[in-house]
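Work through the exercises below with the sequence and the structure open side by side. Try each task before reading its solution.

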Amino acid sequence: VPDFELGDGTRAGDLLRTGAGLLLDFDPRAPLQALADGWRDRIAYVAGAPKERLGLSAVLVRPDGFVAWASDGAPNPDEAARA
């Protein structure tokens with residue numbers, strides 16, 4: 001995953017140091033937050049606009065830093081859940 005820098009200065013790489021997956025929601029949406037809440041012990045949900053979004057609206061990152069799923073439009077929570 002690119003080392004996205006969020007508006008508060010937090011970086012994706014720093015968030016992955018916990019060993020959990022990461023759901024970055026660049027346009028916060030309740031369906032994606034609800035999805036992440038169901039996997040709270042494995043996925044961290046982070047909402048907020050990055051300094052550079054690279055045309056993406058949401059990204060699901062595996063604990064090893066590889067992107068499991070990404071959306072460039074309105075995210076489909078079912079697709080994210082399957083990933």
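The exercises cover confidence, strand pairing, chain positions and the largest pocket.

**Exercise 1. Confidence**

Find the mean pLDDT of the protein chain, and state which elements have the lowest and the highest mean.

Solution. The model is predicted, and confidence is the starting point. The chain averages a pLDDT of 91. A score of at least 70 is reached by 100% of the residues. Next, go element by element: helix 2 (residues 30-37) has the lowest mean, 90, and strand 3 (residues 58-61) has the highest, 96. Where pLDDT is low, predicted coordinates should not be read in detail.

**Exercise 2. The parallel pair**

Determine in which sense, parallel or antiparallel, strand 1 and strand 2 pair, and what unit they make with helix 2.

Solution. Begin with the two strands. Strand 1 covers residues 21-25 and strand 2 covers residues 43-47. They pair in the parallel sense, over 5 bridges. To fix the register, take L23, which stands opposite Y45 in strand 2. Then add the connection: strand 1, helix 2 and strand 2 make a β-α-β unit, and the unit is right-handed.

**Exercise 3. The antiparallel pairs**

Work out which residues stand opposite V61 and A58 of strand 3 in the neighbouring strands.

Solution. Take strand 1 as the first neighbour. Strand 1 and strand 3 pair in the antiparallel sense over 4 bridges, and L22 stands opposite V61. Now turn to strand 4 (residues 67-71), which runs antiparallel to strand 3 and is joined to it by 4 bridges. In strand 4, V67 is the bridge partner of V61, and S71 is the bridge partner of A58. V61 therefore has L22 opposite it in strand 1 and V67 as its bridge partner in strand 4.

The connection completes the picture. Strand 3 and strand 4 form a hairpin with 5 residues between them. In the turn, G65 has a positive phi of about 95°.

Last, look at the side chains of strand 3. A58 and L60 point one way, while V59 and V61 point the other way. All four are buried.

**Exercise 4. An unusual backbone angle**

Locate L54 and state the sign of its phi, positive or negative.

Solution. L54 sits in the loop between strand 2 and strand 3. Its phi is positive, about 55°, although L54 is not a glycine. Most residues other than glycine have a negative phi.

**Exercise 5. Buried or exposed?**

Classify G7, G38, E52 and A12 as buried or exposed, then give a C-alpha distance for each.

Solution. Two cut-offs are needed: under 20% relative accessible area is buried, and over 50% is exposed.

- G7 lies in the segment before helix 1 (12-15). Its relative accessibility is 62%, so G7 is exposed. G7 and K51 are 44 residues apart in sequence, and their C-alpha atoms are 6.0 Å apart.
- G38 is in the loop between helix 2 and strand 2. At 59% relative accessibility, G38 counts as exposed. Its C-alpha is 19 Å from that of V67, with the two residues 29 apart along the chain.
- E52 belongs to the loop between strand 2 and strand 3. Its relative accessible area is 57%, so E52 is exposed. The C-alpha atoms of E52 and S71 are separated by 15 Å, and the residues are 19 apart along the chain.
- A12 lies in helix 1. With a relative accessibility of 2%, A12 counts as buried. A12 and L22 are 10 residues apart in sequence and 8.4 Å apart in space, C-alpha to C-alpha.

**Exercise 6. The largest pocket**

Describe the volume and the lining of the largest pocket.

Solution. Start with the volume: the largest pocket holds about 250 Å³ of space. Next, count the lining, which has 15 residues. Those nearest the centre are W39, I43, L60, A80 and A83. Then assign the lining to elements: strand 1, helix 2, strand 3 and helix 3 (77-82) each supply at least two residues. Finally, sort the lining by type: 12 residues are nonpolar, 1 is polar and 2 are charged. L60, one of the residues nearest the centre, is also buried in strand 3.

Definitions and conventions:
Residues numbered from 1 in each chain as written. Predicted model: local features only at pLDDT ≥ 70, side-chain atom pairs only at ≥ 80, totals over all residues. Heavy atoms only, no water. Right-handed = clockwise from strand over helix to strand, strands pointing away. pLDDT = per-residue confidence, 0-100. Buried < 20%, exposed > 50% of the residue type's maximum accessible area, 1.4 Å probe, protein only. 1 Å grid on protein atoms, 1.4 Å probe; cavity = no way out; pocket = protein on both sides within 12 Å on 5 of 7 lines; lining within 4 Å. Points joined across faces, edges and corners; volume = space filled by probe spheres on them. Nonpolar A, V, L, I, M, F, W, Y, C, P; charged D, E, K, R; others polar.
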